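Good morning, and thank you for coming. I would like to take a few minutes to go through the structure that I am about to show.

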There are 2 protein chains.
Amino acid sequence: MADTESGLPAERVLVVDDDPPLRRMLARTLSAEGFAVTVAADGGAALVEVQRSAPDVIVLDVAMPAIDGLSVCRRLRGKGLPTPILMLTARDAVADRVAGLQAGADDYLVKPFAVPELVARLRALTRRGRATDSVLTYADLTLDVAARSATRSGGPIELTGREAALLELLLRESGRTVTRDRALDEIWDGAAEPNVVDRYITRLRRKLGDPPLIRTLRGTGFQLRA
Amino acid sequence: MADTESGLPAERVLVVDDDPPLRRMLARTLSAEGFAVTVAADGGAALVEVQRSAPDVIVLDVAMPAIDGLSVCRRLRGKGLPTPILMLTARDAVADRVAGLQAGADDYLVKPFAVPELVARLRALTRRGRATDSVLTYADLTLDVAARSATRSGGPIELTGREAALLELLLRESGRTVTRDRALDEIWDGAAEPNVVDRYITRLRRKLGDPPLIRTLRGTGFQLRA
DNA sequence: GGGGCGCTGTCAGAGTAATTTCAGGCTTGC
DNA sequence: GCAAGCCTGAAATTACTCTGACAGCGCCCC
């Protein structure tokens, strides 16, 4: 609800369960909670739906005829799908938990479960995915755009707004050259002395430490280079 | 401390570790945090102590001579003991996680660990049995949303409605950035001066004490940061 | 129904951090 | 060796944040 009201796109969730009443209940509840819901009744349908609807998170029942939840999970992970998966297990058996984690699930919930808890966990999972979206890396450098913090070989580096914006630009070009004009346009709206770019390059270099990561292309601009 | 002051009985924790300095440190710290602490120096003693002191939660080092942590854990579970167990593991290897979970642990922490984190997790584990999870934690901070009260390294902290709502938002984002606009939208329905967020951040900071937990991202918003 | 108290929201000035400019020294490529 | 361009310390400027004081509101207790 919050998400839809605040104008963010709804998170897409794929519900995979062979039990029609439960499936309907989940579809209704999750819609009411602001998710865009797609359903699949069995493992085979799930594999198709994942392709078609590209969900942000998947709710997967372990116990299903034909292709069970674990197999679906393994196959999706085998294809390199990074989408978070929440597994519904029948009993709180440790074996199930372990099997789920080993198959590549990100979280699990024991049936019968409290719906609000499911919703909370889905929110947590989709949030986690979103956070990864905003992380850029190059060599041993990572930048979390949202948190405005970078890391390089471990240590966290706090950045100011401009510093982060400039580093983000360099990272998005990831090795290609960023001209002074480009940076001025995108970050400063063209309304500053070109020298301000140099000033921030200096600061970034200092904060990022050794060995140097930002290379100067005389007469042109700058680029990342390990 | 929190629990004792608020009249609830202290949670009993059993610490099992073969390293005397670490054991002492944990005993002292956890006592200060309001836990009733029992210690055991090895697996055998642990099995005895569990019977004798009936702890509410167990902290168990994996690496110990004779009977190691995993064995202790398996034996206790074999006897049907439901007490939550937090395992201390040496490395953050998935194999360890799986082994720990398979042996029946509820949570694990990788050494070296931050003591406040251990405390927060222990609180989470002991609370789990009691009620539904309206409790959020970050580092050594916990917030009980329903009770509108927080704890940090001991002392209970009473919060007003707005304070609790803002802290809850920060906790739900757990380290990610919360913009002023977001807070205004979700807590104030957009119907207030943006400055009101700052006002409440100030109040929260004062109540939460040192070291500071709320970081300002100038021009953007705020985030939790230990 | 009245008084008191705590919570909430506003304002404005002080305080602080980030940004930008400037200028001189330095490096680079020719 | 020279010119063009780059780098960086310091200072100026700007923008944003923090916080004390205060007023209004609502709730609770008498």
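Let me begin at the surface near DNA strand C, to which α7 (161–173) and α9 (195–208) of chain A, and also α7 and α9 of chain B, each supply at least two residues. This is a predicted model, and the contacts that I describe should be taken in that light. Around strand C there are 22 residues, and those that come nearest are Thr160(A), Gly161(A), Glu193(A), Thr160(B) and Gly161(B). By class, this surface has ten charged, six polar and six nonpolar residues.

Turning to DNA strand D, we find 18 residues surrounding the strand, the closest being Asp198(A), Thr202(A), Thr216(A), Thr202(B) and Thr216(B). Here α9 of chain A and α9 of chain B each supply at least two residues. The classes are eight charged, eight polar and two nonpolar.

Let us now look at α9 in chain B. Its 14 residues, at 1.5 Å a residue, should span 20 Å, and the end C-alpha atoms are indeed 20 Å apart. Which residues of α9(B) are buried? They are Val197(B), Ile201(B) and Leu204(B). Viewed down the axis of α9(B), these buried residues fall within an arc of 65°, and therefore line one face of the helix. The general background is that an α-helix has 3.6 residues a turn, so residues three or four places apart point the same way. The cover over the buried residues of α9(B) includes α7, α8 (180–188), β11 (214–217) and β12 (221–224) of chain B. On the face turned away from the buried side are the exposed residues Asn195(B), Arg199(B), Thr202(B) and Arg206(B).

Thr202(B) deserves a further word, as one of the residues closest to strand D. Thr202(B) counts as exposed because it has 11 other C-beta atoms within 10 Å, where the limit for exposure is 12 or fewer. Thr202(B) and Glu163(B) are 39 residues apart in sequence, yet their C-alpha atoms are 10.0 Å apart in space.

What follows α9(B)? The next residue is Gly209(B), with a positive phi near 70°. In the loop between α9 and β11 of chain B we then find Pro211(B), and the peptide bond from Asp210(B) to Pro211(B) is cis, with omega near -10°. In chain A, the bond from Asp210(A) to Pro211(A) is likewise cis, with omega near -10°.

Two residues other than glycine have a positive phi that I wish to point out. Asp189(A), in the loop between α8 and α9 of chain A, has phi near 55°. Ala66(B), in the loop between β3 (57–61) and α4 (69–78) of chain B, has phi near 60°. Asp189(A) is exposed, with 8 other C-beta atoms within 10 Å, and Ala66(B) is exposed with 9.

Finally, the interior. The largest nonpolar core has 32 residues, and among those with the most contacts inside it are Val13(B), Val16(B), Val59(B) and Leu60(B). Leaving aside residues up to four places away in sequence, Leu60(B) touches several residues, including Val16(B), Val72(B), Cys73(B), Leu86(B) and Leu88(B). Apart from this core lies another, of 29 residues, among them Leu26(A), Leu30(A), Val57(A) and Ile58(A).

As for chain A overall, its secondary structure comes to nine helices and twelve strands, and 29% of its 226 residues count as buried.

How values were computed:
Residues numbered from 1 in each chain as written. Chains lettered and ligands numbered in written order. Predicted model: local features only at pLDDT ≥ 70, side-chain atom pairs only at ≥ 80, totals over all residues. Helix = DSSP H or I, 4+ residues; strand = E, 2+ residues; numbered from the N terminus. Expected span 1.5 Å × (residues − 1). Buried ≥ 20, exposed ≤ 12 C-beta atoms within 10 Å, placed from the backbone. Arc of directions from axis to C-beta. Contact = placed C-beta atoms within 7 Å. Near = placed C-beta within 6 Å. Nonpolar A, V, L, I, M, F, W, Y, C, P; charged D, E, K, R; others polar. Core = buried A, V, L, I, M, F, W, Y, C linked by C-beta atoms within 7 Å.
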